Each structure stands twice: as structure tokens, then as C-alpha cells.
Amino acid sequence: MNRSFFQQKRDRNETAARALLFMSALVCCLLVVLILGFMVVTGLPLFGQNQAMDLLTGAWSPHNGGYGIAPMIFGTLWISFLSVVISFPMSLGCAAYICVLGPHGKATVMKRCVQMMTGIPTIIYGFVGVFLLVPLIRNTAGTGSGMCILSASLVLAVLIAPTMILFFIQSFDRVPRSWLDAVDALGGSRVQKLVYVVLPACVKGIVTGTVLSFGRALGDTLVALMIAGNAIQKPDSLLDSARTLTAHIALVSAADFESMEFKSIFLCGAVLYLITALVILGARLIERRGTHE
Amino acid sequence: MIKRAMVATVTLCTALLVALPIHANSLDRFAGLSGDLKIAGGTAHIPVVKEAAKQIMTLNPNIRITIAGGGSGAGIKQVGEGLIDIGNSGRRPSDKEITSYGLSLHKWAIDGVAVVVNPSNTVTALTQGQLAQIFSGKITNWKALGGKDRGINIYTRDASSGTRSVFWKKALKKGEIAPSANFVVSNGAMKTAVANDPGAIGYMSAGFVDQRLTPVALDGVTPDAASIRNGTYKVARGLFSNTRGEAQGLSKQFIDFLLSDQGQAIVKEKGFIPVN
């Protein structure tokens, strides 16, 4: 009898705990769906006026009644893509050094540094970018204000590097010990170990990490807001000032509620949500396929 | 939110360390009061409001005043929604804003909007026509205006800015601003941008102009205290502190203080034109 009493009590506790955890999971999921719903509902009136395509693909010229967000979509994609391109070789090299090439002591110190980098607030990067990088780019390029896609991408590359590096390291660490031992047994060098064993085994992890940090770059606001210049034009060159979707939302959210400027930020939000969701989904799919093989 | 983080929220608890001001008479109104006063909005207002807050909190540590930026639009919106006690704006709120939020307006200074360039720039006078052509992107090199052979980098503010709306109406005569213009988020950020960029042109609160920038004479009139006061420099506006409904309690005392002799002295000291 005593025993069944405890049994019952434990069961009850377990049910309660399970219910509680289920609730928190549910809230998280609902929140994601609700936010999307909010974006769609608030953005819907724009589509009703038969100008959805104009808004998505047109130019931004409030003077002539044009509120197209295409320049911001281009700005976002340019800056994010370029930052990944810059960050990728840097991150891959860093991860390879930490996991395979470097001596253990130095590698540990470097890994700690990278972990610390994840904690640096974005505003610090933005600040340093404005005072050090922007004048440098302006003087080197000789034209423009220095607030441009290139400057923003360079800073953003540093910002997303830790995400990429830590993801790569995680993936490298999953390579079976026996494979690495086999390379040593064959008398292979560290570089050979990296090139012929580790990298081929981690292709999926590398792709996933890269795609996820692309998602991180897409969502960042402050770096672009402070450094990219925020001009609303379709950028033609890396030295052009550009505005990202996120920066647009930040800049316009204080404008008059009734204005078209203000309404356009819901479309920006929806587009940003969609792009980021697709990117994350893509990354997860690749990852999934990786573990099945 | 992000903008508010950028234009750093200034909590002035450290003001306790500063010595008591000599003329404490206008500050007597704060004796015995306590509580929080939240102020946000126009970035031109910040130097004056900050100094006033410092004096008040030095006298009476039971009063806590927080000051944030965000732009005039944000100030009006936030005070209208009851998020803050005083919303500053560098333009007169529109009739629609006044009626829908039930705002009451308190103008305590007059401020010019000065066109500014980098000190290394030799172009220090422009006509209104030239200015409009620069901002619309028709003139793209300082050489065309008699300056050095250097590209013109335009800096402007976002739609929330009162400085922008005044500049656009009175200096550009509602003319177009080129899509290549860079956007900055406050008067302070404008100062940093123009002071660091030799090819820059921008516009900002005349009270913010210092030796790191050169103010440009517009149609022959340099924006200074005298020309703004007597109206020969046309691009000017009032600095407003708005409350929802009639100002009450701490908000009322604060605004009354800004309008007192002592408050107006701060206004003058910070480079703005007193109203009284």
C-alpha cells in the first residue's frame, strides 16, 4: 500500500511536470505562429489595394508616391551574402586550426576567445566600425562616404564568425576518433588529415553552419543601421550606401502611424520573416540529410 | 527600441556629485517633490533638458529624471500613448496629432536648422537653389560650387525627425532628397558623420553646431543667435515639450522651470534662443 502511494505520487508529479513543459513548448510554438499571423494581418491591407507587386519590386520614392521595398531587399541580400563570403574562409581556417592543425594549448586559448566573441554586444562592433573602419574605407576607396555595403559586410563578417566557427568545431569534433587515428597510423600529416578526412566528413556540417550564419546576418539590425549608410536605393557597387530591411524597420517605426512609410515596415517584416524561415529550414534539411547517411 | 538604445538613455544619478547651483530660487518649486519623470523624443532638446535635470536632481535627489532620444515623431507618439511623461519635438505637432492624443504644447526655445559641412570644406555659402540641387542629387561634386574636386556625400535624417521636417519645408521648399543620401538617427550622429567626412553636407539643430563643423550661410545669412532671433535666418523652429492633457505634477514643474529665468539661461547657454 505504501509503495503504491509513492507510485501514485510520482505519477502525479510526472504528469504535472509533463504538462508544464508541454505548455512552455506550446507557448514558444504559438509565439512563432502568432508573430507571422500579426505580420500577415497588419500587412494585408497593402495587398488589398492591388499594389503588392509595386511594393515588392518598385522603387522607394515617397515624393512620387512610390513605397517599394525592393531596394531594402537587395540591400539585405547584398550585405548578408557578402558578409558570409568574407567570413567563411576566415571561420573555416580558424576552426581547422583549433580542431586539427594547431597545438593543443594555443587551440584551447583560441577557442575560448571565439566563445567570448559571441558575447560582445553588436553595438560595440557598430561603434568600432563607425570610428575606425568607415574612415579607412572612405580614404582607401577615394569616393563615397565610407558608409557602404563593404564596410557593413566586413563588420558583419566578424560578428557572424563565432557562430560559424563554433558550428564548424562541433562538426569537426564529431569525426570518429578511429578515422583520425587511421591517418596517424598511415603517417599522414595534419594537413592531410584535414583535407582528406575531416573536411569531406563534415561537408554537411559546414554547409549548415554557413547557412545558419547567413540567417544571423540577415537578421542583424544595428551594424547595418550604423555603418551601411541607410540610403534607399538599389545598390550598384560595394561602395554604395544601402539600407537593409531590418534597418528600415528600425528607422521608420517612429514615423506617423497612418503614413505609407509606416505601413511598409509590415511588409518588410513579413519578407524578412519569410527569407529567414526559408534559410533556417534549408539549413535544417541539409543537416537532417547528413545524419541519415 | 533600437534607436532608443543608440541614442543612449541618460540616467543622471551621478548629478548628485555636482555642487549646488547658486540661484536656487527657480528650483525651489521642486522642494519636497519626489518621483520619476520620463522624457524622450527630439534629440535637439537633449543638452538643455539634461542640464535642467542635473540641476533639479542635484537639489532634490528624490526626483529621478530619465532622458532618451528617438526623434520628434517618437516623442509625440510615446507621450500620446502614455509611455512617457514629456515628449519633446523639434517641430510643432500636427493638428491631427494634437487632437488625437490631446496634447498640450509648451514651446521653450527657438532653434535654427543649420546646413553644415566639414571644416575642411571651402564652400561656406550657398543659395537656396544650390542647396536644393545638392540635396536632389543634381550637383554631385564640390568643384561645381567652387570647392575642391571631391564628391558630395549627403546626410539626412529619417521621417521621425523634426529637424528633417523643418529643413525639408523651409530650406528645400519640399524638394526631393536624392535616394543616395545617407541616413543618420540623431543630431549627435549627424555631428559625428559630418565632422568625420570631408565631402559631407548635412543639416542639424543650430544649437549643436560647434567648431568641429562649419555652418553654411544660406542666401547670405549665417545661422547664428542674432540672425535666428531676428528672423533673417528663415530655417528655424520652436523646441516643444508636449504632455498628454494639461501638464501636471512633476511634468508641470519641469516645464515651468524651463520657462523660468534660470531655465531660459540654460537654453541660452546651450546655444538656443530663449522664448521669454
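**Domains and interfaces of chains A and B**

No salt bridge (a side-chain nitrogen of Lys or Arg within 4 Å of a carboxyl oxygen of Asp or Glu) is found across the interface of domain 1 of chain B and domain 2 of chain B. The structure is a predicted model, in which local features need pLDDT of at least 70 and side-chain atom pairs count only at pLDDT 80 or more, while totals for chains, interfaces and linings use all residues. Residues are numbered from 1 along each chain as its sequence is written, chains are lettered from A in the order in which they are written, and side-chain values use heavy atoms, with hydrogens and water left out.

To stay with chain B, its domain assignment gives domain 1 (25–111 + 238–274) and domain 2 (112–236); such bounds come from an automatic or database domain assignment. Taken over C-alpha atoms, the centres of domain 1 of chain B and domain 2 of chain B are 27 Å apart. Contact (heavy atoms within 4.5 Å) joins 16 residues of domain 1 of chain B to 18 residues of domain 2 of chain B. The size of an interface is often given as the accessible area lost when the parts come together. Here buried area is the accessible area (1.4 Å probe) that two parts lose on being put together, summed over both. For the two domains of chain B it is about 1,200 Å², with 54% on carbon and sulfur atoms. On the domain 1 side, T43(B), D111(B) and I273(B) lose the most area to domain 2 of chain B, together 46% of what that side buries.

Although salt bridges are absent between these two domains, eight residue pairs are in polar contact there, both residues at pLDDT 80 or more. A polar contact is a pair of N or O atoms within 3.5 Å; within protein, one must be able to donate a hydrogen and the other to accept it, and residues adjacent in sequence count only if both atoms are side-chain atoms. Two elements of chain B, α3 and β5 (103–117), give two or more residues to the side of domain 1 of chain B that touches domain 2 of chain B. Helices (H or I, at least four residues) and strands (E, at least two) are DSSP runs, numbered from the N terminus. Of these elements, α3(B) gives the most to that side, with three residues. By class, this side of domain 1 of chain B has six nonpolar, seven polar and three charged residues. In this grouping Ala, Val, Leu, Ile, Met, Phe, Trp, Tyr, Cys and Pro count as nonpolar, Asp, Glu, Lys and Arg as charged, and the others, Gly among them, as polar.

Chain A, too, is divided into two parts, domain 1 (12–57) and domain 2 (70–289), and 27 Å separate their centres, taken over C-alpha atoms. Their contact takes 13 residues from domain 1 of chain A and ten residues from domain 2 of chain A. About 1,100 Å² is buried between them, of which carbon and sulfur atoms give 79%. M39(A), L46(A) and L56(A) supply 45% of the area that domain 1 of chain A buries against domain 2 of chain A, more than any other three residues. Between these domains there are zero salt bridges and one residue pair in polar contact, both residues at pLDDT 80 or more. On the side of domain 1 of chain A that touches domain 2 of chain A, α1 (2–48) and α2 (52–57) of chain A each give two or more residues. The largest share of that side, nine residues, comes from α1(A). By class, that side holds nine nonpolar, four polar and no charged residues.

Helix α1 of chain A also takes part in side-chain pairs. E14(A) and R18(A), both in this helix, lie four residues apart, about one turn of the helix, and form a salt bridge with their closest N and O atoms 3.9 Å apart.

Turning to the two chains together, the contact takes 29 residues from chain B and 27 residues from chain A. Chain B and chain A bury about 2,100 Å² between them, 61% of it on carbon and sulfur atoms. One salt bridge is counted between the chains: the side chains of R138(A) and D197(B) meet at 3.9 Å, N to O.
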